[in-house]
Amino acid sequence: MPISAKFNDLTASQKEAVSHFEGPLLVIAGPGSGKTRVIINRIAALIAQGVSPWNICAITFTNKAAEEMRNRVVAMNTPAGTHVSTFHSLCVRVLRYHGSHVGVGSNFSIYDDSEQTKCMKEALKTLNLDTTNFTPGKLLEAISLLKNKLEYPDAFAARASDYFSKIVAKAYKAYQHLLTQNNAVDFDDLLMKTAVLLRDFPAVREELSNRYKFLLVDEYQDTNHAQYAIARCIALGHGNICVTGDPDQSIYRWRGADIANILAFEKDWPSAKVVKLEENFRSAPNILALADKLIAANTSRKAKRLIPVIPHPGEVIIRQYEDEAYEADSIISDIARLAKNGVPYSDIAVFYRVNSMSRPIEEALVRSRLPYQVVRGVEFYGRKEIKDMLAYCKLIVNPPDDVALTRIINSPTRGIGDTTLEKVAAHARMHNLPLYEALKQTFAVTSLSQAVRTKIAAFVAMIEQFKPLAAGPVAPLMKKVFEDSGMQKSLEAGGLEGSAALDNVEELINAAAIYDQQIDNPALYDYLQQIALFSDTDKFDPASGKIALMSLHAAKGLEFKHVYIIGLQQGILPHERSKDNPDELEEERRLLFVGITRAKKGLHIAYTRHRTIRGLLMRSIPSQFLYELGASDLPSRDSFLAESSRDFNDFRDDYIADLPSRTMQTPAPSSASKKAPFTTDELVEHKVFGLGRIKSYTDMGENSIVAVRFNSGQTKTLMVKYANLKKV
DNA sequence: AGATTAAGTCTTTTT
DNA sequence: GACTTAATCT
């Protein structure tokens with residue numbers, strides 16, 4: 001009954017996407033096109049057609065999106081049973097039952113970034129490699145890409161020819177060996193092992209294919225090869241695969257996302273039907289025009305329309321400020337203006353390219369006493385006290401987890417130091433035992449004193465005493481761990497810092513209590529595997545009544561009435577590490593496109609004349625994207641800069657009285673601005689950097705920039721009007 | 001063993 | 001500037 005009612009609210013193309021039940025379907029959905037609604041309606045429609053909810057599997061990009069979708073499916077009075085989760089969560093489930101085929105025990109630990117690094121360091125130690133040139137992080141990055149491509153260590157070793165690849169191959173093999181010993185997987189393993197499992201074990205593939213007769217994958221433009229392979233394997237038997245996405249919103253290339261997956265969907269599934277959702281129900285027409293103008297600058301792109309549905313123009317402001325403090329103060333006073341006009345705080349968001357940029361904004365918000373929430377990657381789960389608690393828990397359910405054990409064996413301190421641990425580790429290596437097993441055999445390690453043996457025995461006894469509780473509810477066990485381990489005591493003695501840590505652990509235990517209530521058979525291993533995939537992004541609460549601060553990446557999939565995007569300057573957006581690579585530059589542009597298209601009514605883009613980066617005050621070069629944004633209701637490029645500086649001066653006068661201690665920097669005279677453009681390879685001289693050759697010249701009027709490779713070896717990007725380059 | 005201090009490293013985005 | 005590691009002191 002409610003299903004057909006909803007149908008009437010849909011546009012023609014939305015209906016088409018909802019009611020094409022059988023076979024492959026590609027939904028190219030622009031921003032604000034009601035894509036999520038289409039997916040929900042599609043699930044409801046499938047069920048109305050007689051499909052069992054148990055046979056439907058919807059994949060979302062984040063846990064948050066999954067949770068929201070589950071709620072919305074329920075809200076449509078749809079019978080329960082539809083599986084909605086991320087790829088990673090689905091993989092956890094699959095590996096729990098079938099992991100033994102690919103060397104994964106059911107109680108496996110999931111390693112996060114820092115645990116991966118620890119593991120890699122350990123692996124490198126056994127290899128005796130000189131790692132001065134290859135940090136664990138660099139190696140892990142390379143390995144991550146290999147795993148995304150489903151390449152196993154031996155296969156890669158066979159084709160590794162250059163020096164770096166050979167090192168990577170060795171590290172990969174040792175690292176993977178260590179993970180297996182610890183019965184642990186990293187994020188990429190979850191995907192790779194599942195993909196390999198489905199590829200090489202037809203029985204498992206069939207089981208999954210029979211279970212999930214209808215597969216939906218959202219944000220398909222950001223799937224990597226492993227995810228692509230998993231989806232394909234599940235759908236191969238029946239062809240009922242519906243993917244939705246927008247190539248213009250692909251922003252996870254650095255994580256292995258392959259935009260080719262969505263571009264090649266029609267080739268993979270020749271019978272695929274394609275539906276385009278080009279109408280935008282979210283943003284004001286002038287905001288959309290701006291977004292369209294920007295994304296048009298991407299050359300490797302199929303043109304797509306953004307058709308505004310909302311008739312009323314919104315407010316678009318692009319403005320320059322002196323530095324990040326003025327930027328923040330101005331934005332906050334603008335927010336205060338909105339609030340005075342009745343705009344709820346939860347309708348307002350501030351986006352930035354890197355998380356560290358939240359700080360000046362936060363400081364200004366605190367000064368103004370405005371409520372806000374910062375959405376950040378893994379802040380909570382990265383805290384020491386939380387990691388310690390989870391390490392205890394991991395060790396309880398998965399004793400071979402040496403990484404967890406070494407983390408907590410002496411935290412809080414219990415007199416088992418590095419020397420002792422090394423002796424036990426030597427014994428473990430000799431007999432090929434996990435560390436925890438070796439701890440039980442201290443009688444065999446003659447070099448240990450009796451006092452130390454007693455301490456170790458007490459530790460082992462404590463862990464053993466926790467084990468029987470792991471099959472029950474999680475919260476009581478955590479509480480017991482917290483008390484018996486001595487963590488609580490040590491934090492209570494830790495002053496202010498300790499009391500903050502106490503609060504965090506309390507929050508963790510509360511979350512566990514909620515889990516205990518929600519799940520029929522709560523178990524520690526299940527809880528641990530679930531929260532390993534959580535991030536703080538999942539904690540964003542749109543109904544909190546607070547201003548939201550987040551990175552542009554975290555903004556994906558969200559919408560706000562008023563959006564502020566800060567730091568539109570070269571080196572930040574586009575980011576320093578992306579601006580020299582054309583593909584990465586296009587992704588930066590898509591990132592800004594995502595940010596702009598989050599805004600419904602108001603869009604405020606800010607950049608500064610100067611900005612403190614890593615403690616150094618730097619002169620900022622306006623982002624090249626600002627020039628690409630030239631929408632019709634904006635001033636032209638030249639007047640645009642003149643006008644924005646006039647705005648700034650008015651603004652500055654107001655603030656100078658308030659902030660007398662801030663020193664103002666006046667720009668250098670722009671005498672060089674009319675200089676003829678430079679040509680590539682031209683020899684120039686700079687006052688500080690000396691002689692160099694022009695690498696590139698970008699014409700941006702009086703703000704033109706050059707990249708110069710100096711004889712010192714370093715390459716600098718400079719603004720022509722400030723650099724005072726002399727032609728030689 | 002453990003705490004404190006000094007020096008050194010690295011700085012994007014996140015499941 | 002934030003964080004990790006190494007060196008030194010208690």
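These notebook entries set out what I looked up in a predicted model of a protein chain with two DNA strands.

**Conventions**

I number residues from 1 along each chain as its sequence is written, and I letter chains from A and number ligands from 1 in the order in which they are written. Because the model is predicted, I accept local features at pLDDT of at least 70 and side-chain atom pairs at pLDDT 80 or more, while totals for chains, interfaces and linings use all residues; side-chain values use heavy atoms, with hydrogens and water left out.

**Entry 1: chain A overall**

I began with the secondary structure and found 30 helices and 23 strands in chain A. Helices are DSSP runs of H or I with at least four residues, strands are runs of E with at least two, and both are numbered from the N terminus. I then looked up burial: of the 728 residues in chain A, 53% are buried. Buried means under 20% relative accessible area, exposed over 50%, and partly exposed in between, with a 1.4 Å probe and protein chains only. The accessible surface of chain A is about 32600 Å², and carbon and sulfur atoms hold 52% of that area. Such areas come from the Shrake-Rupley method with a 1.4 Å probe, and for residues only the protein chains shown count as cover. Among contacts in chain A with a separation of 6 or more, 74% join residues 24 or more positions apart; a contact means heavy atoms within 4.5 Å.

**Entry 2: helix α27 and the loop after it**

I compared the length of α27 with expectation: its 15 residues should span 21 Å at 1.5 Å a residue, and its end C-alpha atoms are indeed 21 Å apart. The expected span is 1.5 Å times one less than the number of residues. At the start of α27, a side-chain oxygen of Asn-581 comes to within 2.8 Å of the backbone nitrogen of Asp-583.

Why do I call α27 largely enclosed by the rest of the structure? Twelve of its 15 residues are buried, so the description follows. The buried residues include Glu-586, Glu-587, Glu-588, Arg-589 and Arg-590. Their cover includes α15 (285–295), β12 (348–352), β15 (560–565), β16 and α28 (624–628).

I next followed the chain to Thr-597, in the loop between α27 (582–596) and β16 (599–608). Thr-597 counts as buried because its relative accessible area is 0%. A polar atom of the Thr-597 side chain lies 2.8 Å from the backbone oxygen of Phe-593, and the side chains of Thr-597 and Arg-598 form a polar contact of 3.0 Å. A polar contact is a pair of N or O atoms within 3.5 Å; within protein, one must be able to donate a hydrogen and the other to accept it, and residues adjacent in sequence count only if both atoms are side-chain atoms. Leaving aside residues up to four places away in sequence, Thr-597 touches Pro-31, Arg-282, Ser-283 and Ala-291.

Beyond β16, I found Arg-609 in the loop that leads to β17 (610–613). Is Arg-609 buried or exposed? Arg-609 counts as buried because its relative accessibility is 14%. Its side chain makes a polar contact of 3.3 Å with the side chain of Gln-320.

**Entry 3: helix α9**

I looked up α9 (residues 163–181), whose 19 residues reach 27 Å from first C-alpha to last, close to the 27 Å expected. Its buried residues, among them Ile-167, Tyr-172 and Leu-179, pack against β4 (109–111), α6 (113–127), α7 (136–148), α8 (153–159), β5 (184–186) and α10 (187–200). After α9 comes Asn-183, with a positive phi near 50 degrees.

**Entry 4: the DNA strands**

I found 23 residues around DNA strand B, the closest being Arg-353, Thr-420, Ser-535, Arg-577 and Arg-614. Sugar and phosphate make up 56% of the strand B atoms that come within 4 Å of the protein; a residue is near a strand if one of its heavy atoms lies within 4 Å of it.

Which parts of strand B do individual residues approach? An N or O atom in the side chain of Trp-254 is 3.1 Å from a base oxygen. Phosphate oxygens lie 2.9 Å from a backbone N or O atom of Asn-355 and 2.6 Å from a side-chain N or O atom of Arg-577.

For DNA strand C, I noted Lys-121, Arg-359 and Gly-615 as its surroundings. A polar side-chain atom of Lys-121 lies 2.5 Å from a phosphate oxygen of strand C, and a side-chain N or O atom of Arg-359 is 2.6 Å from a phosphate oxygen of strand C.
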